[in-house]
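Trainee: Could you take a close look at one part of this model with me? I'd like to go through it slowly.

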Amino acid sequence: MGDNKIDRIRILLEKEYGRREWVTHGDPLSELIGTILSQNTSDKNSHRAFENLRRRFKDWEEVRNASLEEIREAIKVGGLAQIKAKRIKDILNEILARQGSLDLWFLADLSIKEARDYLLSFEGVGPKTAACVLLFALGKPSLPVDTHINRVSKRLGLIDGKVGADKAHNLLQKMIPDEDIYSFHLNMIAHGRRICHSRSPSCEECVLVEECDYFRHNM
DNA sequence: GCCCAGGTGGGTA
DNA sequence: TACCCACATGGG
């Protein structure tokens, strides 16, 4: 414990924000669609879009049967509604065609790689969305690398500043033990929002300042 | 009015 | 492979 950089960081984050116990929530399909709605969208708006969808339609089958226009109208508040409505409808149709039902729980029995490849085969599902379904619904150790984690990891010097999100996912995931992924993920995001945000990181308040390459080079 | 929130896919060199 | 852009809305 604490004998390498990422572990020291995890421990400092847990001291600041608490240890997050790994709880799975929701079914995989709801997690998938909720995560699509969250892509490039603020939390507040993506939650509203998801709630509108749940309120307007009684289940995912009803969403599947709805017109693109109806879906678009329901999720409009989240932005990017045209493209997301099409992706959601196409994914629902595709799942039904492949599995014969809209139940994605069979993914829990697959290996993490098989489940990830299945999710990535859909248009509109990239590494971050797949990782969220794996981690939050299926309980499989997979690290979603969103813009916060990308930025904070690069500033800390955990990964090179030039690597893309997909590569960053692999590199970071290899550095951190499975049982710590969940807590690390949530705390890095909390930290990225509160202290190490994109515009002006509040380095003077930062519990990770000793570990931070960005601080050493820019302050 | 402006900038920020914040993933994926497609195009170009 | 690396980089650039489109996609769209709400809030400070």
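Which helix gives the largest share of the surface near DNA strand C?

Mentor: That's H6, which brings 3 residues to the surface near DNA strand C. Keep in mind that we're looking at a predicted model. H6 covers 81–99, and helix H3, at 43–56, also supplies at least two residues there. Counting everything, 14 residues sit around DNA strand C, and those that come nearest are Val 77, Gly 79, Leu 80, Gln 82 and Ile 83. Sort that surface by class and you get 4 nonpolar, 7 polar and 3 charged residues.

Now, DNA strand B has its own surroundings. There, 21 residues lie around the strand, with Gln 39, Gly 126, Lys 128, Thr 129 and Asp 146 coming nearest. Helix H8 (127–137) and helix H9 (147–156) each put in at least two residues, and H8 gives the most, with 3. By class, the surface near DNA strand B has 3 nonpolar, 13 polar and 5 charged residues.

Step back, and you'll see these helices belong to a chain with 12 helices and 0 strands. Chain A has a radius of gyration of 19 Å, close to the 17 Å from the globule rule for 219 residues, so it's as compact as a globular protein of that length. Its C-alpha atoms fill a box of roughly 55 × 35 × 30 Å along the principal axes. Of the 219 residues in chain A, 37% count as buried. And among contacts with a separation of 6 or more, 63% are between residues 24 or more positions apart.

Technical notes. Residues are numbered from 1 along each chain as its sequence is written. Chains are lettered from A and ligands numbered from 1 in the order in which they are written. This is a predicted model: local features need pLDDT of at least 70, side-chain atom pairs count only at pLDDT 80 or more; totals for chains, interfaces and linings use all residues. A residue is near a molecule or strand if its C-beta atom, placed from the backbone, lies within 6 Å of it. Helices (H or I, at least four residues) and strands (E, at least two) are DSSP runs, numbered from the N terminus. Ala, Val, Leu, Ile, Met, Phe, Trp, Tyr, Cys and Pro count as nonpolar, Asp, Glu, Lys and Arg as charged, and the others, Gly among them, as polar. The radius of gyration is taken over C-alpha atoms; the globule rule is 2.2 Å times the number of residues to the power 0.38. A residue is buried if 20 or more other C-beta atoms lie within 10 Å of its own, exposed if 12 or fewer, and partly exposed in between; C-beta atoms are placed from the backbone. Two residues are in contact if their C-beta atoms, placed from the backbone, lie within 7 Å.
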